[in-house]
Amino acid sequence: MPTRHNSEMAQAEALIQSGKNKEAATLYKQLAELKSDSQNYYRLLSADALIRANDVKQAKQYINLLDVNALNDEQSNHLS
């Protein structure tokens, strides 16, 4: 994963820790829009942050974009 992604991931995680879930979701959504091997993972993180922000409707949109067959066990369990 490129350095830029690492930086944005760290920023998003810090936002989650400080309760700024909507802002974290915005960063995760930006990463999810980039074509990469981690796109599915970023979509999952976006959905999670949106749920934490009580935006279930938008979270469902990101969940519907997930390729559930490409999720690893930990990611699949995160959906449960």
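## A guided tour of the helices

Begin by selecting Ser 7, which is partly exposed at a relative accessible area of 39%. On this scale, residues under 20% relative accessible area are buried, those over 50% are exposed and those in between are partly exposed, with a 1.4 Å probe applied to protein chains only. The model is predicted, so local features are reported only at pLDDT of at least 70 and side-chain atom pairs only at pLDDT 80 or more, while totals for chains, interfaces and linings use all residues. Residue numbers start from 1 along each chain as its sequence is written, and side-chain values rest on heavy atoms, with hydrogens and water left out.

**Stop one: helix α1 and a view towards Tyr 28**

Ser 7 belongs to helix α1. Helices here are DSSP runs of H or I with at least four residues, strands are runs of E with at least two, and both are numbered from the N terminus. Add Tyr 28 to the selection: its C-alpha atom is 12 Å from that of Ser 7, and the two residues are 21 residues apart along the chain.

**Stop two: Asn 21**

Move on to Asn 21, in helix α2, which covers residues 21-32. Is Asn 21 buried or exposed? With a relative accessible area of 12%, Asn 21 is buried. Apart from neighbours within four places in sequence, Asn 21 is in contact (heavy atoms within 4.5 Å) with Leu 15, Ile 16, Ala 49, Arg 52 and Ala 53.

**Stop three: α2 against α3**

Now display α2 together with helix α3, residues 39-52. Their axes lie 8 Å apart, and the helices pack at an angle of about 160 degrees. The pair is therefore roughly antiparallel. Axes are lines fitted to C-alpha atoms, for helices over the stretch in contact, and angles between N-to-C directions run from 0 to 180 degrees. Angles under 35 degrees count as roughly parallel, over 145 as roughly antiparallel, 65 to 115 as roughly perpendicular, and the rest as oblique.

The crossing of α2 and α3 is left-handed; that is, the near helix is turned anticlockwise from the far one by less than a right angle, whereas a clockwise turn would be right-handed. To see the contact, select Asn 21, Lys 22, Ala 24, Ala 25, Tyr 28, Lys 29, Leu 31 and Ala 32 in α2, with Gln 39, Tyr 42, Arg 43, Leu 45, Ser 46, Ala 49, Leu 50 and Arg 52 in α3. Sorted by class, this contact holds nine nonpolar, three polar and four charged residues. Ala, Val, Leu, Ile, Met, Phe, Trp, Tyr, Cys and Pro count as nonpolar, Asp, Glu, Lys and Arg as charged, and the others, Gly among them, as polar.

**Stop four: the nonpolar core**

Which residues have the most contacts inside the largest nonpolar core? They are Met 9, Ala 24, Tyr 28, Tyr 42 and Ala 49, in a core of 17 residues. Helices α1 (3-17), α2, α3 and α4 each supply at least two residues to this core. The largest share, six residues, comes from α2. Such a core is a set of buried Ala, Val, Leu, Ile, Met, Phe, Trp, Tyr and Cys residues joined through side-chain atoms within 4.5 Å.

**Stop five: the loop between α3 and α4**

Select Ala 53, in the loop between α3 and α4 (56-65). Ala 53 is partly exposed, with a relative accessible area of 27%. Not counting residues up to four places away in sequence, Ala 53 touches Asn 21 and Lys 22.

Asn 54 is found in this loop as well, and is exposed at 70% relative accessible area. Most residues other than glycine have a negative phi. Asn 54, although not a glycine, has a positive phi of about 65 degrees.

**Stop six: α3 against α4**

Next, show α3 and α4, whose axes come within 8 Å and cross at roughly 165 degrees. These two helices are therefore roughly antiparallel to each other, and their crossing is left-handed. Asn 40, Arg 43, Ser 46, Ala 47, Leu 50 and Ile 51 of α3 make the contact with Val 56, Gln 58, Ala 59, Tyr 62, Ile 63 and Leu 65 of α4. By class, the contact has eight nonpolar, three polar and one charged residues.

Within α4, select Gln 61, which is partly exposed at 46% relative accessibility. The C-alpha atoms of Gln 61 and Arg 43 are 9.5 Å apart.

**Last stop: Ala 70**

Finish at Ala 70, in the loop between α4 and α5 (73-79). Residues up to four places away in sequence aside, Ala 70 touches Asn 40 and Gln 75. From the C-alpha atom of Ala 70 to that of Lys 22 the separation is 26 Å, with their positions 48 residues apart along the chain.
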